[in-house]
Amino acid sequence: MQPRNLSTVEIKAFVPARDFARSIAFYQAIGFTLASNVGGVAYFRHGECSFLLQDFHVAEHSHNFMMHLLVANADDWYAHIVASGVVGSFGVRVEPPQDQPWGMRDFVLIDPSGVLWRIAHPVPRST
């Protein structure tokens, strides 16, 4: 039997949206590029990272859905989120960055649908 090419190219999550148009505006406001929007699925990207926003919402699902975005500097991203005005404009929650015992400095951002994002960069673990 010949070996198969099992290389991977990309993996994306389908992020739920309670109010699809509002969520699109939110993600654009924090700097994601809307690459396409077809049939209730919006494709967002920022640099080499991407996700799919879907026009789908079940509260229990959205409030238990988490995303992790690894960035170069979480403090810079936190300052960017705060400066963007999305906390007031969209009624979202953001918490200040903290060093975590699992070796990340991160902060929590909860989007308009209740999806929890952890935006982080690695830091040396404390012993």
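Q: Which residue stands opposite Phe14 in this predicted model?
A: Phe14 stands opposite Leu52, a residue of strand S4.

Q: What makes strands S1 and S4 a pair?
A: Pairing requires at least two bridges found by DSSP. Strand S1 (residues 14-16) and S4 share 3 bridges, in the parallel sense, and therefore they meet the definition of a pair.

Q: How is it known that S3 and S4 pair, and in which sense?
A: Strand S3 (residues 41-46) joins S4 over 6 bridges in the antiparallel sense. Since at least two bridges are needed, S3 and S4 therefore count as paired. Phe44, for its part, has Phe51 in S4 as its bridge partner.

Q: What connects S3 and S4 in their hairpin?
A: There are 2 residues between the two strands, and Gly47 in the turn has a positive phi of about 60°.

Q: Why is strand S4 called mostly covered?
A: A residue is buried when its relative accessible area is under 20%. In S4 (residues 49-54), 5 of the 6 residues are buried, and the strand is therefore described as mostly covered.

Q: What makes Ala74, Trp77 and Ile81 lie on the same side of helix H3?
A: These three residues of H3 (residues 74-84) are buried. They cover an arc of only 60° around the axis, which puts them on the same side of H3. The face turned away from that buried side carries the exposed residues Asp76 and Ala83.

Q: What covers the buried residues of H3?
A: The covering elements include S3, strand S5 (66-70), helix H4 (86-90) and strand S8 (104-110).

How values were computed:
Residues are numbered from 1 along each chain as its sequence is written. This is a predicted model: local features need pLDDT of at least 70, side-chain atom pairs count only at pLDDT 80 or more; totals for chains, interfaces and linings use all residues. Side-chain values use heavy atoms; hydrogens and water are left out. Buried means under 20% relative accessible area, exposed over 50%, partly exposed in between (1.4 Å probe, protein chains only). Helices (H or I, at least four residues) and strands (E, at least two) are DSSP runs, numbered from the N terminus. The arc is that of the directions from the helix axis to the C-beta atoms. Contact means heavy atoms within 4.5 Å.
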